[in-house]
Amino acid sequence: MTIVFGGNVNDKCVVNVTSSSIWDGCMYPKYAVDLHKPNVFATQSDEKSWLKYDFITNKIRPTCYSIRSRGECLHNNPTSWVIEGSNTDDDNDWKLLDSRNEVKSLLGKNCEDTFDITTHLEPFESFRFLRIRSQGILVFSALEYFGHFFK
């Protein structure tokens with residue numbers, strides 16, 4: 001079953017999207033879930049940049065995710081990152097779900113690729129929080145998770 005919320009899920013209070021920082025005060029985390037608009041999300045250049053999705057009262061068992069690179073330029077597109085899940089949001093409670101290094105498929109304008117979650121999850125294991133974490137600037141046009149959604 002596919003669940004479609006139509007529009008920005010942050011604005012609809014389905015997911016609370018936050019980040020470690022915001023580049024230039026105008027590339028907000030909620031832009032990462034504006035899937036049909038040409039917005040760009042970006043962090044400052046931090047040692048541990050992250051973008052976090054809080055599913056609030058729901059949980060997700062992710063099976064894959066898609067990233068779309070920014071459309072207006074070719075530099076700073078993501079090449080290396082990790083995807084993590086948590087139910088508490090505590091620093092020591094993040095489980096590594098996927099790790100990518102030297103990805104080339106997102107290096108052009110408006111490139112999109114879908115990546116499988118590579119970590120084996122226990123039956124019915126799900127998470128309230130998902131985050132993507134990287135070193136340096138974290139910048140892209142969209143990040144979308146796919147999987148099983150539990151209310």
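## Exercises on a predicted model

At 33% relative accessibility, I56 counts as partly exposed. The structure in which this residue sits is a predicted model, and the exercises below work through its loops, sheets, cysteines and one of its pockets.

### Exercise 1. Two residues with positive phi

Work out where I56 lies and what sign its phi has.

Solution. Begin with the position along the chain: I56 lies in the loop that runs between β3 and β4. Next take the backbone angle, where phi of I56 is near 60°, a positive value in a residue that is not glycine. To complete the description, recall that I56 is partly exposed, with a relative accessibility of 33%.

Now carry out the corresponding steps for N110, and state how far N110 is from E122 in space.

Solution. N110 is located in the loop between β6 and β7, and its phi is positive as well, at about 55°, although N110 is not a glycine. Its relative accessibility is 47%, so N110 counts as partly exposed, given that this class covers the range between the buried limit of 20% and the exposed limit of 50%. Finally, compare the separation in sequence with that in space: N110 and E122 are twelve residues apart along the chain, while their C-alpha atoms are 34 Å apart.

### Exercise 2. The sheet of five strands

Determine the strand order of the five-stranded sheet and identify which strands form its edges.

Solution. The five strands follow the order β1-β3-β8-β5-β6, in an open sheet with antiparallel pairing. The edges are β1 (16-19) and β6, each of which pairs on one side only. Neighbouring strands in this sheet are turned against each other by 15° on average, with direction ignored. For a detail within the sheet, turn to β5 and β6, which pair in the antiparallel sense over five bridges; here I83 stands opposite D98 in β6.

The loop between β5 and β6 holds N87, which at 33% relative accessibility counts as partly exposed. Although N87 and D54 are 33 residues apart along the chain, the distance between their C-alpha atoms is 9.4 Å.

### Exercise 3. The sheet of three strands

Find the order of the three-stranded sheet, and then establish how many bridges join β4 to β10.

Solution. The order is β7-β4-β10, in an open sheet whose pairing is antiparallel. The edge strands are β7 (112-116) and β10 (142-150), each pairing on one side only. On average, and ignoring direction, neighbouring strands of this sheet are turned by 25° against each other. Strand β4 (residues 59-68) is joined to β10 by nine bridges, and the two run antiparallel; I67, for instance, has L143 as its bridge partner in β10.

A further residue of strand β4 is T63, which counts as partly exposed at 38% relative accessibility. T63 and Y145 are 82 residues apart in sequence, yet their C-alpha atoms are 7.9 Å apart in space.

### Exercise 4. The cysteines

Establish how many disulfides the structure has, and explain why C64 is not bonded to C111.

Solution. First, a search of the whole structure finds zero disulfides. Second, consider what such a link would be, since a disulfide is a covalent bond between the sulfur atoms of two cysteines. Third, apply the distance test: two cysteine sulfur atoms must lie within 2.5 Å, whereas the sulfur of C64 is 18 Å from the closest cysteine sulfur, in C111, and is therefore too far for a bond. As for their surroundings, C64 is buried, with a relative accessible area of 16%, while C111 is partly exposed at 23% relative accessibility.

### Exercise 5. The second largest pocket

Describe the second largest pocket by its volume, by its lining residues and by the strands that supply them.

Solution. Start with the volume, which is about 260 Å³ for the second largest pocket. Its lining consists of 19 residues, and those nearest the centre are S80, W81, R133, S134 and Q135. Sorted by class, the lining has six nonpolar, nine polar and four charged residues. Then trace the lining back to the strands: β3 (46-54), β5 (81-86), β6 (95-100) and β8 (129-136) each supply at least two of its residues, and β8 gives the most, with four.

Notes:
Residues are numbered from 1 along each chain as its sequence is written. This is a predicted model: local features need pLDDT of at least 70, side-chain atom pairs count only at pLDDT 80 or more; totals for chains, interfaces and linings use all residues. Side-chain values use heavy atoms; hydrogens and water are left out. On a 1 Å grid over the protein atoms alone, a cavity is a set of points where a 1.4 Å probe fits but cannot get out, and a pocket is an open set with protein on both sides within 12 Å along at least five of seven lines; lining residues have an atom within 4 Å of a point. Grid points are joined across faces, edges and corners, and a volume is the space filled by probe spheres set on the points. Ala, Val, Leu, Ile, Met, Phe, Trp, Tyr, Cys and Pro count as nonpolar, Asp, Glu, Lys and Arg as charged, and the others, Gly among them, as polar. Buried means under 20% relative accessible area, exposed over 50%, partly exposed in between (1.4 Å probe, protein chains only). Two strands pair if DSSP finds at least two bridges between them. Axes are lines fitted to C-alpha atoms, for helices over the stretch in contact, and angles run from 0 to 180 degrees between N-to-C directions.
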